[in-house]
Amino acid sequence: MDNLIYLDHAATTPLDSAVLDAMLPFLKENYGSASTLYSIGRAASEAVEEARIRVARLIDAAPEEIYFTSGGTESDVWVMFGVPSAKEKKGKHIITSKIEHKAVLEPCKILEKRGYTITYLDVDPNGLIDIDQLAAAITDQTVLISIMHANNEIGTIEPVEQIGKIAQEKGIHFHTDSVQTAGHIPVDVQAIGCNSLAISAHKLYGPKGVGIAYIRKGSRVDRLMPGGGQEANKRAGTHNVAGIVGLGKAAELALERMPKEAEETTRLRDALISGIESRIKDVKLNGHRVKRIPNNVNFSFEGVEGESLILLMDMNGICVSSGSACTSGSLDPSHVLMSLGLRHEQAHGSLRMTLGKDNNMAHIEKVLEVLPGIVNRLREMSPLYSK
Ligand code: PLP
């Protein structure tokens with residue numbers, strides 16, 4: 001749709017046309033499997049290796065530390081099961097936070113059933129973990145620390161470099177989910193000091209269904225997907241060549257565009273935040289005001305249901321998302337917002353708007369033009385709002 005205003009880039013991004021162009025030959029003439037020896041297979045294999053180099057460059061890794069997967073979920077799940085399994089003899093304790101993505105939390109639940117003890121770190125009202133609490137939680141049984149780089153709902157950036165330092169000192173595997181940061185802010189595995197990291201292509205203008213797990217050389221992670229010998233025998237399955245090529249192109253473009261894009265997105269984000277705060281009363285910004293990824297705006301509106309806001313915004317051609325909209329279809333409020341200490345009604349009355357490279361100030365002005373009226377209308381009908 002031409003005049004659609006898309007503000008849900010944390011959910012997924014549109015495919016960049018240059019990325020599509022790079023992918024097309026591998027869906028058409030170069031359809032060979034990357035594991036074969038004839039020319040169209042070799043072309044595919046060379047393209048996969050070129051993509052590996054491009055992704056490695058984005059995060060300052062070595063190409064052989066990049067393993068292609070089906071996306072962020074698989075990369076997280078692989079590490080969450082693969083590290084405990086490889087370190088079984090050392091112990092059965094894992095440290096994570098209460099605001100991780102379900103791709104980390106659900107494996108934790110399964111591991112608990114298998115006898116693992118999981119420490120779920122609290123976060124402060126801005127969504128930050130406490131580094132001292134993390135250090136205090138470490139025992140001689142701890143085999144894995146998994147803390148996300150930035151949260152997908154509230155945009156808070158966690159102190160990953162500090163965590164990396166502690167984990168390295170103690171010799172504990174540190175995994176970070178950088179699905180929301182890679183391609184948007186610098187993600188440098190050397191500076192972070194992580195042993196593994198997850199990236200998903202469709203969050204940086206690449207295709208859906210492809211991502212990577214970065215695994216530092218020497219870090220022990222048992223494989224999740226046995227089968228053929230692809231990906232150095234660590235992740236079997238015929239390569240998703242077109243998807244991988246798309247991810248490589250997206251990584252290359254992200255590296256070029258990042259400084260300018262982050263600056264522009266931050267400008268739009270701050271205009272949206274201050275515009276909402278000055279035009280609508282009884283609102284609360286969720287997430288850290290400063291330690292925040294450039295594209296995230298998340299507000300709770302007193303006395304309003306997030307779902308109603310989404311539908312009315314959609315009627316105005318604006319795509320946004322709500323903190324309480326769950327993939328599971330349940331009406332439980334977001335575990336992230338509840339961990340910040342919000343009341344149920346506040347968590348239900350939240351709206352997430354995540355910006356992208358094609359947004360501009362006219363889009364922000366349009367949101368600021370329609371949102372106050374929508375909130376007022378819903379409040380007038382709401383038994384929960386009496387101010
Ligand atoms: N981790 C985070 C923080 C995410 O935001 C997402 C996607 O929403 C994922 C993991 C899962 O990534 P994918 O959709 O590639 O499986």
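How far from an oxygen atom of the ligand does a polar side-chain atom of Lys-203 lie? Select the ligand together with Lys-203, in this predicted model, and the separation comes to 2.6 Å, which falls under the heading of a polar contact (a pair of N or O atoms within 3.5 Å; within protein, one must be able to donate a hydrogen and the other to accept it, and residues adjacent in sequence count only if both atoms are side-chain atoms). The protein buries 84% of the 390 Å² that the ligand exposes when taken alone (Shrake-Rupley method, 1.4 Å probe).

Add His-202 next, where a polar side-chain atom lies 2.9 Å from an oxygen atom of the ligand, and then Asp-177, whose side chain has an N or O atom 2.6 Å from a nitrogen atom of the ligand.

Now widen the selection to the 13 residues around the ligand, each with a heavy atom within 4 Å of it; among them, Gly-72, Thr-73, Asp-177, Ser-200 and Lys-203 come nearest. Helix H3 (residues 72-86; helices are DSSP runs of H or I, at least four residues, numbered from the N terminus) supplies the largest share of this shell, 3 residues.

Finally, move to His-93 in strand E3, residues 93-97 (strands are DSSP runs of E, at least two residues). His-93 counts as buried (under 20% relative accessible area, 1.4 Å probe, protein chains only) because its relative accessibility is 7%. Show Thr-142 as well, since a polar contact of 2.7 Å joins its side chain to that of His-93.

Residues are numbered from 1 along each chain as its sequence is written. Local features need pLDDT of at least 70, side-chain atom pairs count only at pLDDT 80 or more, totals for chains, interfaces and linings use all residues, and side-chain values use heavy atoms, with hydrogens and water left out.

Notes. Buried means under 20% relative accessible area, exposed over 50%, partly exposed in between (1.4 Å probe, protein chains only).
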